[in-house]
Amino acid sequence: MEGGSPDQESIGSGTKRSTVSSGSRSRKRKEFLYRFVDSDRLIVNLEQWFESVCNNLGTQKAAFSEPFELIELQKFEYALEGISFQQLIRMPSAVHASTSGVVEATAYLAIEDFLHASVKGLWEAFWSHDEPMPFSVACLYNENFRFYQAENAVAEGKLGSLCATGILLTNPRHPHGKWDHILELALLRPDIGGFVVNGDGQPLLSVIGEALFYAIRVLISRSFSRRKYCQTADSVFVLLVDSQYGGVVKVEGDVNKLEFDVDNVYDCAAEWIQNHSTVTVSSIDRIWNKLGNANWGDIGALQILFATFHCITQFAGFPKHSVEDLAADHGSRLQTRRAERQLGNTEMNGNNLFRFQQRSVSPEIVEVQDDSVKIESEQLLKLEVGSVLWLEDSNRQKGYQINEVMISSEHPYYIASPVEDPQKILFLYVGSHPSQLEPAWEDMNIWYQVQRQTKILTIMKQKGLSSKYLPQLSASGRIIHPGQCQRPSSGGNCDHPWCGTSILVTSPVGETVADLIDQGRFGAEAAIRCCHDCLSALSTAACAGIRHGDIRPENVICVRSAGRHPFFVLIGWGRAILEDRDRPAMNLHFSSTYALQEGKLCSASDAESLVYMLYISCGGVLPDLDSVEGALQWRETSWSRRLIQQKLGEASTVLKAFSDYVDSLCGTPYLMDYDIWLRRMRRNINEENGKEIDITG
């Protein structure tokens with residue numbers, strides 16, 4: 001391990017500059033990277049930006065948004081049940097409270113072991129338990145930006161020059177690592193946990209700036225790499241840890257927009273961060289307990305594991321076992337546990353768990369046996385035909401009578417009529433009870449169906465989006481339960497099993513395309529009209545930057561009204577994409593190729609899902625799929641052999657042409673041209689019907 005300043009043979013990839021590609025773009029970027037070596041100079045250039053970010057907080061408590069939503073972490077935590085992570089080298093309890101080199105050396109060894117346990121556990125659980133893990137862990141030496149095992153660095157007396165620990169793609173030809181092979185970096189810095197006490201729970205510029213410095217180096221290295229990444233390589237995760245606490249910094253952006261002025265590298269990098277990147281920072285939470293063991297199930301370690309999971313997908317592709325697949329096993333594990341404890345079929349409070357009450361004579365919370373609970377089973381939220389449900393909407397009370405119970409493949413919803421207008425029919429959705437002690441995996445789907453869809457429809461209403469092909473928000477609020485509500489003044493819910501349950505009411509009402517297909521009532525004409533109406537809905541939502549993310553036969557309804565042609569409405573907007581960090585639903589049959597590969601939507605993703613739905617409606621057969629790899633293989637084969645286009649062509653030439661257009665657009669950054677296809681389909685429908693299609697609304 002040589003000392004001295006970084007030289008040209010060590011920067012970026014560790015190979016000599018004489019081997020650099022003759023391409024001017026690669027040369028310029030490698031020269032930029034060669035000069036971009038001082039994190040302190042970048043931090044100085046970011047001071048005004050960081051100050052402006054902090055001054056523009058408004059009502060936010062933190063300067064930066066979180067990289068992960070809580071619902072994502074909860075889902076991931078369910079998926080990790082039963083997966084073993086074991087850190088064998090304990091983290092010293094106070095690394096920087098002591099000047100002992102032994103303590104600091106042990107800390108670096110512990111970080112290496114923690115990252116190794118993390119990536120190994122994730123690889124075996126999600127990708128392959130039989131294939132060897134293609135990753136390794138090593139420490140970064142700041143004198144030449146090469147990677148070495150911590151043990152070797154300590155043995156050679158180079159401990160003080162270690163600056164980070166990384167997870168890298170294993171490459172025997174490059175034992176000291178290549179920067180474009182870095183999955184993730186961890187910075188061991190003093191008193192990260194101090195930010196929990198002394199601020200908003202997020203680090204200061206001195207720490208974030210250093211993370212940004214390393215993130216930019218990784219992104220630039222990837223930009224001229226010959227390696228083809230399985231996922232988009234425009235995001236980097238950098239971990240910030242001390243001996244107890246840790247957090248995640250995510251940097252995302254198109255590095256091609258960085259001005260590679262080799263004479264002004266730090267200004268260029270700072271300008272790119274301010275104008276062309278998205279920086280998100282997690283809260284700082286505890287990772288290691290006082291014994292030095294990682295709290296794998298707590299949110300601190302969970303955030304790091306989730307970041308590592310995303311990093312692996314960039315290099316190894318989407319896992320064989322998805323998060324959704326593993327998380328779905330939570331319900332069966334819960335039932336197995338109940339059987340082990342011989343709880344039988346006892347149901348309490350609607351969630352198969354014991355109900356607890358606090359007695360006024362004792363400050364202790366005691367378990368109340370089944371026969372002493374005063375709330376009768378018939379009081380639990382169970383809606384039947386004829387039931388009347390009241391909700392509080394904008395300080396008004398609205399009543400709805402249940403006309404029909406709709407049983408879908410996921411969870412029930414209802415057709416109801418307002419008490420004051422019995423002739424009107426509406427869809428009514430009931431959310432999960434908010435105080436369930438152990439919410440089942442299904443409750444997350446209900447949360448998307450009710451609470452999040454309420455948010456999306458409210459945003460549509462606020463932005464003035466109006467189309468008869470979109471669902472309309474009729475009412476939303478919390479259920480009003482019988483008896484007097486004992487809700488505390490400080491907020492929360494009383495102990496009534498209905499209290500706080502969310503309700504969503506929408507219009508119009510119709511039959512799902514799934515039901516029409518099953519009953520053989522969805523022909524070629526209906527397919528063209530359905531395609532037109534769904535594209536119209538997508539076009540209207542796209543004006544506000546909203547994409548659907550979950551198009552399938554269950555989420556499209558056919559609405560019939562007297563004297564008018566039936567039309568189709570695109571419902572189920574709970575998984576809609578509002579911003580980059582939102583993730584679409586994963587459906588092996590109907591998700592777009594880009595969604596399955598990247599976990600995101602491209603411009604044509606919703607249209608691609610629509611094509612799959614039309615494909616089965618026109619007689620196409622979907623195979624049995626049990627993995628993402630199988631789903632991607634089916635898509636590749638079907639598109640390359642033009643099986644989808646041929647099947648749609650049997651129904652309509654315009655549908656065949658539309659599928660060709662979607663095929664050419666999938667995975668590209670080009671925007672969908674909705675208008676031209678709406679005109680073509682409208683013209684086709686007019687020719688078949690001999691009169692103008694009704695496009696009002």
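How are α17 and α18 oriented to each other? They are roughly perpendicular, a label for angles of 65 to 115 degrees, with under 35 degrees counted as roughly parallel, over 145 as roughly antiparallel and the rest as oblique. The tour returns to this pair below.

**Before starting**

This is a predicted model, in which local features need pLDDT of at least 70 and side-chain atom pairs count only at pLDDT 80 or more, while totals for chains, interfaces and linings use all residues. Residues are numbered from 1 along each chain as its sequence is written, and side-chain values use heavy atoms, with hydrogens and water left out.

**Whole chain**

Show the protein chain as a cartoon. The protein chain has 21 helices and 19 strands; these are DSSP runs numbered from the N terminus, helices being H or I of at least four residues and strands E of at least two. Of the 697 residues in the protein chain, 52% are buried. Buried means under 20% relative accessible area, exposed means over 50%, and partly exposed lies in between (1.4 Å probe, protein chains only). Taking contacts in the protein chain between residues at least 6 apart in sequence, 68% join residues at least 24 apart; a contact means heavy atoms within 4.5 Å.

**Stop 1: strand β1 and the loop after it**

Select Y141, which lies in strand β1. Y141 counts as buried, at 1% relative accessibility. Add L159: Y141 and L159 are 18 residues apart in sequence, and their C-alpha atoms are 8.7 Å apart in space. Then move to F145, in the loop between β1 (135–141) and β2 (146–148). F145 is not a glycine, yet its phi is positive, near 55°. Is F145 buried or exposed? With a relative accessible area of 4%, F145 is buried.

**Stop 2: helices α8 and α9**

Select residues 205–223 for helix α8 and residues 265–276 for helix α9. Two packed helices are described by the angle between their axes and the distance between the axes. Here the angle is about 95° and the axes are 11 Å apart. Axes are lines fitted to C-alpha atoms, for helices over the stretch in contact, and angles run from 0 to 180 degrees between N-to-C directions. On these terms α8 is roughly perpendicular to α9, given the angle between them. Show side chains for L212, I216 and L219 in α8, which meet A269, W272 and I273 in α9. The contact of α8 with α9 has six nonpolar, no polar and no charged residues. In this scheme Ala, Val, Leu, Ile, Met, Phe, Trp, Tyr, Cys and Pro count as nonpolar, Asp, Glu, Lys and Arg as charged, and the others, Gly among them, as polar.

**Stop 3: helix α10**

Select residues 299–316, helix α10. Its 18 residues reach 25 Å from the first C-alpha to the last, close to the 26 Å expected at 1.5 Å a residue; the expected span is 1.5 Å times one less than the number of residues. Of the 18 residues in α10, 15 are buried. G317, just after α10, takes a positive phi of about 80°.

**Stop 4: a cis peptide bond**

Zoom to S507 and P508, where the peptide bond is cis, with omega near 0°. P508 lies in the loop between β16 (502–507) and β17 (511–512).

**Stop 5: helices α15 and α20**

Select residues 524–542 (helix α15) and 653–665 (helix α20), whose axes come within 10 Å and cross at roughly 45°. α15 and α20 are therefore oblique to each other. A527, I528, C531 and L535 in α15 meet V654, L655 and F658 in α20. The residues of the contact of α15 with α20 are seven nonpolar, no polar and no charged.

**Stop 6: helices α17 and α18**

Select helix α17, residues 605–617. How many of the residues of α17 are buried? The count is 13 of 13. G619, just after α17, has a positive phi of about 105°. Now add α18: the axes of α17 and α18 come within 14 Å and cross at roughly 75°. The contact is made by E608, V611, Y612 and Y615 of α17 and W634, R635 and W639 of α18. The contact of α17 with α18 has five nonpolar, no polar and two charged residues.

**Stop 7: R642**

End at R642, in the loop between α18 (628–640) and α19 (643–651). R642 has a positive phi of about 60° although it is not a glycine. At 33% relative accessibility, R642 counts as partly exposed.
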